[in-house]
Amino acid sequence: MKAVVQYRYGGPEALQIRDISCPVPRKGEILVRVHATSVTSSEAKMRQGLPLYGRPILGWFGPRREVLGLEFAGTVVQLGPGARRFEIGAGVFGFTGMRCGAWAEYLVMSENDSVERMPQNVSFEEAVALVDGPTTALFFLEKAHLCPSERILVNGASGSIGTAAVQLAVWMGAEVTAVCSRANHELVRSLGAQRVIDYHTEDFTRERESWDVVFDSVGTSSFCRCRPCLRPSGRFLSTVLGVKILAQVPLAALFCEKKAIFSMSIDKRRELARLRDLVEAGLHKPLVDRIFAMEDIRKAHAYVDTGRKKGNVVVRIAQDNA
Ligand SMILES: NC(=O)c1ccc[n+]([C@@H]2O[C@H](COP(=O)([O-])OP(=O)(O)OC[C@H]3O[C@@H](n4cnc5c(N)ncnc54)[C@H](OP(=O)(O)O)[C@@H]3O)[C@@H](O)[C@H]2O)c1
């Protein structure tokens, strides 16, 4: 099968397309024909061996896994012994975790890991766009216990997590302020944001307003800067790990009414199922920015490296059911 392989850390040129052997499903596993995968900002960092503190997991001097790629949407084509959650031919979407392998024509997954039947009313390209940002946004909003009529500010509202967070927070009944550059104001308004702040010209931490939740989806702010604009019992959410947030989470829990929250969305099965139901009910829309062919995986990475993507970047692997 064809796969995108990587043997050293580096820029997009470190990626190559090669023929490698197809994985075989073992007990409790399924073989998935991958139709679409994505390139996220986390994967663009992993390609470079970043963050450095992640190297024990990623691999010290080069990627531990030959095939990276964490998100997939595709069709179940073979069942390992005892696997019975899915039928052959079922459309599924999911997250491989550090086992990786999604930038390939086929992958194996344990049927009990982060894999679910995909929504019936979207394409594979749209389904895969639900796997990274939207599941992470849902995971964090539930950690914050966002309530109807609360006020939330989403920083990085035009990114993968941000565009999903805006939609989900609106669906949860919250009043949403979105922070992004002017070029993306119309986009985030169309997702339901009531108020939009351009981070190039305004600093939301200096506004006279306050919010119950500040969701920093891109890691450009901090708990200390946001604390004054959080209401009493306010929550600051950060998706990006750093020394500061690691120290602030326990300190805020001990000494402050306002909370700082960092976590990692890894086991995504519950969120995948909830997003599928929302999408099928017409309550959430996957946001695809650009679609690249597998042969153009380097171009997809170069685009993600700009830091300017809107929503999700998808890579089409296969268009048939072979
Ligand atoms: N903790 C977890 O479980 C978890 C899970 C997934 C991802 N992550 C991490 O979360 C972070 C965000 O991921 P993502 O995929 O959502 O990001 P993304 O889609 O790559 O974000 C791109 C967006 O960020 C906006 N942006 C850039 N600089 C900004 C600034 N200073 N202020 C506001 N917006 C800005 C850009 O808008 P403009 O073009 O308008 O600037 C662009 O639309 C990454 O660091 C990723 O590794 C964490």
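The following dialogue reads a predicted model feature by feature.

Visitor: How many helices and strands are there in the protein chain?

Guide: The protein chain of this predicted model holds 10 helices and 15 strands. Its C-alpha trace spans about 60 × 45 × 40 Å along the principal axes.

Visitor: What does the radius of gyration say about the chain?

Guide: The value is read against an expectation for the chain length. A compact globule of 322 residues would have a radius of gyration near 20 Å, and the protein chain has 20 Å, so the two agree.

Visitor: Which domains does the assignment give, and what separates their centres?

Guide: The domain assignment gives domain 1 (2-130 + 287-316) and domain 2 (133-262). Taken over C-alpha atoms, the centres of domain 1 and domain 2 are 28 Å apart. Where the two meet, six residues of domain 1 are in contact with seven residues of domain 2. On the side of domain 1 that touches domain 2, two residues are nonpolar, three are polar and one is charged.

Visitor: Where does the ligand lie relative to domain 1 and domain 2?

Guide: One looks at which domains give residues to the shell around the ligand. Here both domain 1 and domain 2 do, so the ligand lies between them. The ligand is surrounded by 30 residues, of which the closest are Ser41, Ser158, Gly159, Ile161 and Ser181.

Visitor: Which elements supply the shell, and how do its residues divide into nonpolar, polar and charged?

Guide: At least two shell residues come from each of helix H1 (41-47), helix H4 (133-143), H5 and S9. The largest share, three residues, is that of H5. By residue class, the shell has seven nonpolar, 19 polar and four charged residues.

Visitor: How should one read the pairing in a sheet, and is the pairing of the six strands parallel or antiparallel?

Guide: Strands of a sheet pair through backbone hydrogen bonds, either parallel or antiparallel. In this model, six strands form an open sheet with parallel pairing, in the order S10-S9-S8-S11-S12-S13. Strand S10 (195-198) and strand S13 (259-262) are the edge strands, each pairing on one side only. From one strand to the next, the twist averages 15 degrees.

Visitor: How many bridges join strand S8 to strand S9?

Guide: Strand S8 (residues 151-155) and strand S9 (residues 175-180) run parallel and are joined by five bridges. Within this pair, Arg151 stands opposite Glu175 in S9.

Visitor: Which strands does helix H5 lie across?

Guide: Helix H5 (residues 160-171) lies across S8, S9 and strand S11 (211-216). The helix runs at about 170 degrees to S8.

Visitor: Which residues does a cis peptide bond join, and what is the phi of Cys100?

Guide: Most residues other than glycine have a negative phi, and most peptide bonds are trans. Here, Leu50 and Pro51 are joined by a cis peptide bond with omega about -5 degrees. Pro51 belongs to the loop between H1 and helix H2 (55-58). Cys100, a residue other than glycine, has a positive phi, near 50 degrees. Cys100 sits in the loop between strand S5 (91-95) and strand S6 (106-110).

Technical notes:
Residues are numbered from 1 along each chain as its sequence is written. This is a predicted model: local features need pLDDT of at least 70, side-chain atom pairs count only at pLDDT 80 or more; totals for chains, interfaces and linings use all residues. Two strands pair if DSSP finds at least two bridges between them. Helices (H or I, at least four residues) and strands (E, at least two) are DSSP runs, numbered from the N terminus. Axes are lines fitted to C-alpha atoms, for helices over the stretch in contact, and angles run from 0 to 180 degrees between N-to-C directions. Domain bounds come from an automatic or database domain assignment. Ala, Val, Leu, Ile, Met, Phe, Trp, Tyr, Cys and Pro count as nonpolar, Asp, Glu, Lys and Arg as charged, and the others, Gly among them, as polar. A residue is near a molecule or strand if its C-beta atom, placed from the backbone, lies within 6 Å of it. The radius of gyration is taken over C-alpha atoms; the globule rule is 2.2 Å times the number of residues to the power 0.38.
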